[in-house]
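User: I would like to go through this structure by question and answer. Please keep each reply short and end it on the value or name asked for.

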Amino acid sequence: MANKREKIGILCSGRGSNMESIQKAVASGQIKADIAVVIADKPEAKALEKAAAVGIPSVAVDRKAYAEREDFERALIKALDEEGVTLVVLAGFMRLLSPLFVGHYRGRILNIHPSLLPSFGGAHAHRDVLDYGVKVSGCTIHFVDEGMDSGAIILQASVPVLDGDTEDTLAARVLEQEHILYPRAIELYVDGRLEVEGRQVKIK
Ligand code: GRF
């Protein structure tokens, strides 16, 4: 029996270039799933306009409208569940999700982080990479657990850190890889090719 087609909900906070790369991979048939909704935690997020421009339902769930994080997350869950979302994809979503949210979609939340985890987690990866002086950086796609950038790793890609790099030049080099890697990881998930045992993710 064929599996039911996954319905993806993408959470963003800003520009939405990863959202666009995922949308293109869905449109081309690389990812055999549907994007049910794009949600941003700020009404002004560019990602919302970009999603709407290609006909994807886009919704702001404004973090500022909720005093408590859990109320905000309940609103997120409601918006995702209303669209029947089965896979939550964090694409530049700049908030740590609590056990309430993570428990609701356990094993069905993916994130992208612009460094080679477990090095340089957190909100300033490129700055921290340059300050430390490492020679290689990259990006990581991982499952989301209750920690910060700590879930099991699905795919990683590396890029060199070059003399004279600024946060912007390094970010641009990493972003090129992000736009290839995230669609590939979602494709593997959707095709049922990820086998997770604790921290180990094997590709079947
Ligand atoms: C990306 O570098 C992503 O890895 C990080 O935030 C950035 C978001 O960019 N978490 P965009 O909104 O997808 O263009």
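User: In which sense do strand β8 and strand β9 pair?

Analyst: In this predicted model, β8 covers residues 194-197 and β9 covers residues 200-203. Four bridges link the two strands. The sense of the pairing is antiparallel.

User: Which residue in β9 does Glu195 stand opposite?

Analyst: Two facing positions can be named for this pair of strands. Glu197 has Gln200 of β9 opposite. For Glu195, the residue opposite in β9 is Lys202.

User: Which residue in the turn of the hairpin has a positive phi?

Analyst: The hairpin formed by β8 and β9 has two residues between the strands. In that turn a phi of about 60° occurs, and the residue is Gly198.

User: Where is the cis peptide bond, and what is its omega?

Analyst: The bond joins Leu117 and Pro118. Pro118 belongs to the loop between β5 (109-113) and α5 (125-132). The omega of the cis bond is about 10°.

User: Which residue has a positive phi although it is not a glycine?

Analyst: The residue is located in the loop between β5 and α5. Its phi is about 60°. The residue is Phe120.

User: Which residues are around the ligand, and how many are charged?

Analyst: The shell consists of Arg15, Gly16, Ser17, Asn18, Gly92, Ile112, Pro114, Leu175 and Glu178. By class, three of the shell residues are nonpolar and four are polar. The number of charged residues is two.

User: How many Å separate an oxygen atom of the ligand from an N or O atom in the side chain of Ser17?

Analyst: Other polar contacts of the ligand help to place this one. A ligand oxygen is 2.9 Å from a polar backbone atom of Asn18, and a polar side-chain atom of Glu178 is 2.7 Å from a ligand oxygen. For the side chain of Ser17 the distance is 2.5 Å.

User: What share of the ligand's exposed area does the protein bury?

Analyst: The ligand occupies the space of the largest pocket. Taken alone, the ligand exposes 370 Å². The share of this area buried by the protein is 86%.

User: Which elements give two or more residues to the shell around the ligand?

Analyst: One spans residues 17-27 and another spans residues 167-190. These elements are α1 and α6.

Conventions
Residues are numbered from 1 along each chain as its sequence is written. This is a predicted model: local features need pLDDT of at least 70, side-chain atom pairs count only at pLDDT 80 or more; totals for chains, interfaces and linings use all residues. Side-chain values use heavy atoms; hydrogens and water are left out. A residue is near a molecule or strand if one of its heavy atoms lies within 4 Å of it. A polar contact is a pair of N or O atoms within 3.5 Å; within protein, one must be able to donate a hydrogen and the other to accept it, and residues adjacent in sequence count only if both atoms are side-chain atoms. Accessible areas come from the Shrake-Rupley method with a 1.4 Å probe; for residues, only the protein chains shown count as cover. On a 1 Å grid over the protein atoms alone, a cavity is a set of points where a 1.4 Å probe fits but cannot get out, and a pocket is an open set with protein on both sides within 12 Å along at least five of seven lines; lining residues have an atom within 4 Å of a point. A molecule sits in a cavity or pocket if more than half of its atoms lie within 2 Å of its grid points. Ala, Val, Leu, Ile, Met, Phe, Trp, Tyr, Cys and Pro count as nonpolar, Asp, Glu, Lys and Arg as charged, and the others, Gly among them, as polar. Two strands pair if DSSP finds at least two bridges between them.
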